[in-house]
Amino acid sequence: MFARTLTVVSLFSVAFQYVNATCLLDNNAQKVAENYKTLFSNYSPQFANQVLTSDVIDQSDSVNWLIANGTNCPPPLGSTTFNGRTAFEAGQGSQPNMPFTILNVYHDCTNVFVRWKFDQTVQSPQQVQGISVLGTTLNTDLTKLLTQPYLIKTVYAEFNVGAFITNLGYYHGTPPPTCKNSKREVEGVAFVA
Ligand SMILES: *[C@@H]1O[C@H](CO)[C@@H](O)[C@H](O)[C@H]1NC(C)=O
């Protein structure tokens with residue numbers, strides 16, 4: 001169906017993508033990472049439909065734990081967080097945007113690895129950083145090869161839930177004795193979910 005190597009060169013816009021049908025290229029990985037970022041910083045169901053496969057799987061124990069608020073309520077740790085795009089959209093559409101800054105993008109032939117950090121406008125005073133592994137697949141809609149050649153099919157994402165719930169005020173750490181100058185201004189209150 002595809003030529004072994006399909007290179008798409010655009011004369012019109014640098015936003016268009018080069019595509020190699022056998023492996024993600026750097027510009028494709030960057031695009032996938034930015035699509036993922038847009039899902040959190042400027043969410044719309046229309047955009048989600050453009051960049052996620054309909055059977056996308058999202059697994060995150062960080063999110064599972066937060067949904068259950070650290071209790072044994074569902075979803076159990078280890079379980080799929082969002083099974084399919086409709087579930088993803090219901091989850092993402094019901095929360096405010098959570099913009100983050102991309103710190104690094106790496107990739108192999110089919111996966112994009114993103115290090116990121118939530119913006120201080122949504123997470124402070126402690127920074128909350130995370131790592132997401134995005135499995136991709138070539139878009140079967142060939143009319144989109146120039147603009148969205150790779151869709152996100154799997155998401156495995158974890159981030160610092162400890163700092164996240166500290167920012168929510170649910171957790172207050174105790175500085176270790178070796179800590180002479182705690183900038184976190186915390187007191188010892190046990191976290192009980
Ligand atoms: C989550 O747990 C914390 C700590 O017990 C509590 O303060 C907070 O109200 C809980 N949040 C929800 C949404 O139940």
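Strands here are runs of at least two residues that DSSP labels E, numbered from the N terminus. Keep that in mind, for Gly130, which we will visit later, is found in strand β5. One more thing before we set off: this is a predicted model.

**Stop 1: the whole chain**

Show the protein chain as a cartoon. How many helices and strands does the protein chain have? There are five helices and six strands. Follow the chain along its sequence and you will meet them in the pattern α-α-β-α-β-α-β-β-β-β-α. Of the 193 residues in the chain, 36% are buried. Now think about contacts with a separation of 6 or more: residues 24 or more positions apart account for 55% of them.

**Stop 2: the disulfide**

Select Cys23 and Cys109 and show their side chains. These two cysteines form a disulfide, with sulfur atoms 1.7 Å apart. The count of disulfides comes to one. Where does each partner sit? Cys23 is in the segment before α1, while Cys109 is in the loop between β3 (100-107) and β4. The pair links distant parts of the chain, 86 residues apart. Turn the view to look at the S-S bond: the angle about this bond is -85°, and the link of Cys23 and Cys109 is left-handed.

Keep Cys109 selected and switch on a surface. Cys109 counts as partly exposed because its relative accessible area, 37%, falls between the 20% and 50% cut-offs. Add two other cysteines to your selection. Cys73 is partly exposed, at 43% relative accessibility, and Cys179 is partly exposed too, at 32%.

**Stop 3: the strands β4, β5 and β6**

Colour β4 (111-118), β5 (129-138) and β6 (150-159). Seven bridges join β4 to β5, and these two strands run antiparallel. To see one partnership, select Asn111, whose bridge partner in β5 is Gly135. On to the next pair: β5 and β6 are also antiparallel, paired over nine bridges. Here, select Leu134 and look for its bridge partner in β6, Val155. While the strands are on screen, a general point is worth knowing: in a regular strand the side chains alternate between the two faces of the sheet.

Now zoom in on Gly130, in strand β5. Is Gly130 buried or exposed? Gly130 is buried, because its relative accessible area of 7% is under the 20% cut-off. Leaving out residues up to four places away in sequence, Gly130 touches Val114, Arg115, Trp116, Glu158 and Phe159. Try a distance tool as well: from C-alpha to C-alpha, Gly130 and Phe100 are 9.7 Å apart in space, and they are 30 residues apart in sequence.

**Stop 4: the largest pocket**

Rolling a probe the size of a water molecule over the atoms shows where empty space is left. The largest pocket has a volume of about 410 Å³. Select Phe40, Val63, Gln92, Gln95 and Phe159, which are the closest to its centre among the 20 residues that line it. Which elements give two or more residues to the lining? They are α1 (26-41), α3 (61-67), α4 (85-93), β4 (111-118) and β6 (150-159). The most comes from α3, with three residues. Colour the lining by residue type and you will find 14 nonpolar residues, five polar and one charged.

**Stop 5: helix α5**

Move to helix α5 (residues 161-168) and pick out Thr166. Thr166 is buried, with a relative accessible area of 16%. Apart from neighbours within four places in sequence, Thr166 is in contact with Gln126 and Tyr171.

**Stop 6: unusual backbone angles**

Most residues other than glycine have a negative phi, and most peptide bonds are trans. With that in mind, visit three places.

- Select Pro74 and Pro75: the peptide bond from Pro74 to Pro75 is cis, with omega near 0°. Pro75 lies in the loop between α3 and β2 (82-83).
- Select Asn69, found in the loop between α3 and β2. Asn69 has a positive phi of about 50° although it is not a glycine, and it is partly exposed, with a relative accessible area of 35%.
- Select Ser124 and Pro125, which are joined by a cis peptide bond with omega of about 5°. Pro125 lies in the loop between β4 and β5.

Methods. Residues are numbered from 1 along each chain as its sequence is written. This is a predicted model: local features need pLDDT of at least 70, side-chain atom pairs count only at pLDDT 80 or more; totals for chains, interfaces and linings use all residues. Side-chain values use heavy atoms; hydrogens and water are left out. On a 1 Å grid over the protein atoms alone, a cavity is a set of points where a 1.4 Å probe fits but cannot get out, and a pocket is an open set with protein on both sides within 12 Å along at least five of seven lines; lining residues have an atom within 4 Å of a point. Grid points are joined across faces, edges and corners, and a volume is the space filled by probe spheres set on the points. Helices (H or I, at least four residues) and strands (E, at least two) are DSSP runs, numbered from the N terminus. Ala, Val, Leu, Ile, Met, Phe, Trp, Tyr, Cys and Pro count as nonpolar, Asp, Glu, Lys and Arg as charged, and the others, Gly among them, as polar. Buried means under 20% relative accessible area, exposed over 50%, partly exposed in between (1.4 Å probe, protein chains only). Contact means heavy atoms within 4.5 Å. A disulfide is a pair of cysteine sulfur atoms within 2.5 Å. Two strands pair if DSSP finds at least two bridges between them.
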